[in-house]
Amino acid sequence: MTRPRTIGIAAIAVFGLVGPVLAASPAGATKPAPGTSTGTASVFKVNPVQSSGDESLTDQNDSATAVPASEYDATVQLRNLDGSGMLVGKWVRVESATGTPAYSPTNTFIYNRHDDQFEQVMAYFWINQAQEYLQSLGFGSTLPPANAQQMDVKIDQFGGDNSYETDKPFRLRFGKGGVDDAEDAEVLVHEYGHAVHQAQVPGFGQSEEAGSIGEAFGDYLGITVGLDAANQHGWPVKTDGPCAMDWDSTSYTVTVPHCIRRLDTNLTVADKSGEVHHDGMIWSRALWDIRNGYVGLKLGTRRADTTIVDAQFRFAPGTSFSAAAAATVATAQARDGSKAADLVRGAFAARGITF
Ligand SMILES: [Ca+2]
Ligand SMILES: [Ca+2]
Ligand SMILES: [Ca+2]
Ligand SMILES: [Zn+2]
């Protein structure tokens with residue numbers, strides 16, 4: 001999340017041995033009825049700062065009472081479960097955890113944030129949600145799939161306040177420093193965004209600008225998947241749309257609103273620092289402007305997102321901003337026509353990205 005996206009394979013080999021591997025349900029345990037792929041869960045409505053607008057919420061050492069019950073939705077469906085009673089399904093496998101693994105013979109996963117299982121449930125719900133969102137745009141049907149595979153997820157493997165996507169093995173890992181990272185859907189889906197890029201273009205991120213695009217897309221995907229889910233479920237959105245990780249960032253930001261980064265800064269290529277999270281805000285502002293521009297053209301946010309993700313299939317692993325912008329404009333031209341292509345070109349040009 002805040003540190004480099006990949007860690008060394010040697011480090012993975014060591015940490016991979018830590019913690020129980022949840023390969024099967026508890027011995028002799030009852031399982032849900034065969035074929036029962038849907039369950040019920042309690043999750044945050046993206047994150048409790050975004051849904052409440054209360055910027056004064058704090059972690060309070062993972063206290064159950066730090067977040068009011070009103071900021072949970074205890075009626076959401078968990079879909080695509082494999083029927084084992086574990087948080088394993090078609091698009092997500094909560095593979096291991098340092099705490100007690102969530103298990104329910106009735107696929108009922110109601111926990112509060114102090115429970116180890118809550119982050120596991122959040123990870124299952126939100127990663128499934130992100131893949132379902134991509135599929136709802138046509139990825140995997142009218143368009144090539146975008147990471148339509150079971151994603152291994154490890155929760156709380158690190159005590160530090162960091163989360164990672166690793167390529168070998170292909171996996172997401174969520175830390176627990178400050179606010180547990182997996183308590184914020186925008187953190188969960190940010191990391192999933194890296195996995196989407198890897199699935200679209202193996203090895204993506206081999207230049208500083210490609211790495212920055214990766215961070216930008218993660219922030220953008222986290223926000224757009226969250227806004228789409230809020231719309232689906234009728235959840236309030238009481239913080240600024242372009243604010244990423246409102247809840248996780250309460251642990252390490254002092255200014256209000258709490259945002260790890262935003263999609264609406266005025267950074268241009270003239271402001272590049274060489275750090276991918278910082279420089280990603282140049283690219284993510286262009287994505288945000290494309291999104292809003294598509295709304296202005298009455299094409300809508302879903303069409304913008306489809307074009308943004310579709311274009312990424314044509315990014316080289318070590319792409320430059322310019323080459324990736326050119327691919328995005330060409331995709332907009334082909335999918336959405338000249339007005340859209342002009343808008344996309346203008347959004348990149350405003351950031352100093354030309355070709
Ligand atoms: Ca927690
Ligand atoms: Ca955290
Ligand atoms: Ca947010
Ligand atoms: Zn990242």
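Where is Met245 found? Select Met245 and look: the residue is in the loop between β8 and β9. Keep in mind throughout that this is a predicted model.

**Stop 1: the loop between β8 and β9**

Stay on Met245. Its phi is near 65°, a positive value in a residue other than glycine. Most residues other than glycine have a negative phi. Is Met245 buried or exposed? Met245 has 29 C-beta neighbours inside 10 Å, so the residue counts as buried.

Now select Val256 and Pro257. The peptide bond from Val256 to Pro257 is cis, and its omega is near 0°. Pro257 also lies in the loop between β8 (243-244) and β9 (261-262).

**Stop 2: a second cis bond**

Select Lys168 and Pro169. A cis peptide bond joins this pair, with omega about 0°. Most peptide bonds are trans. Colour the flanking strands: Pro169 sits in the loop between β6 (163-166) and β7 (171-174).

**Stop 3: the nonpolar core**

Next, show the largest nonpolar core. It has 90 residues. Select Val121, Met122, Ala123, Ile127 and Leu188: these have the most contacts inside that core. Which helix gives the largest share of the core? Select helix α3, residues 116-136, which supplies eleven residues.

Zoom in on Met122. Leave aside its neighbours within four places in sequence. Met122 is then in contact with Val43, Phe44, Ala182, Glu183, Ala185 and Leu188.

**Stop 4: α5 against α6**

Select helix α5 (residues 208-233) and helix α6 (residues 276-296). These helices pack at an angle of about 60°, and their axes are 7 Å apart. Angles from 65 to 115 degrees would count as roughly perpendicular; α5 and α6 are therefore oblique to each other. Their crossing is right-handed.

Now pick out the residues that meet:

- From α5, show Glu208, Gly211, Ser212, Ile213, Glu215, Ala216, Asp219 and Tyr220.
- From α6, show Val276, His277, Asp279, Gly280, Ile282, Trp283, Ser284 and Leu287.

Colour this contact by class. You will find seven nonpolar, five polar and four charged residues.

**Stop 5: past the end of α6**

Finish at Lys298. This residue is in the loop between α6 and α7 (301-312). Its phi is near 60°, a positive value in a residue other than glycine. Is Lys298 buried or exposed? With 7 other C-beta atoms within 10 Å, Lys298 is exposed. Put Met245 back on screen for contrast: Met245 counts as buried, whereas Lys298 is exposed.

Conventions:
Residues numbered from 1 in each chain as written. Chains lettered and ligands numbered in written order. Predicted model: local features only at pLDDT ≥ 70, side-chain atom pairs only at ≥ 80, totals over all residues. Axes fitted to C-alpha atoms, helices over the stretch in contact; angles between N-to-C directions. Helix = DSSP H or I, 4+ residues; strand = E, 2+ residues; numbered from the N terminus. Parallel < 35°, antiparallel > 145°, perpendicular 65-115°, else oblique. Left-handed = near helix turned anticlockwise from the far one by under 90°. Contact = placed C-beta atoms within 7 Å. Nonpolar A, V, L, I, M, F, W, Y, C, P; charged D, E, K, R; others polar. Core = buried A, V, L, I, M, F, W, Y, C linked by C-beta atoms within 7 Å. Buried ≥ 20, exposed ≤ 12 C-beta atoms within 10 Å, placed from the backbone.
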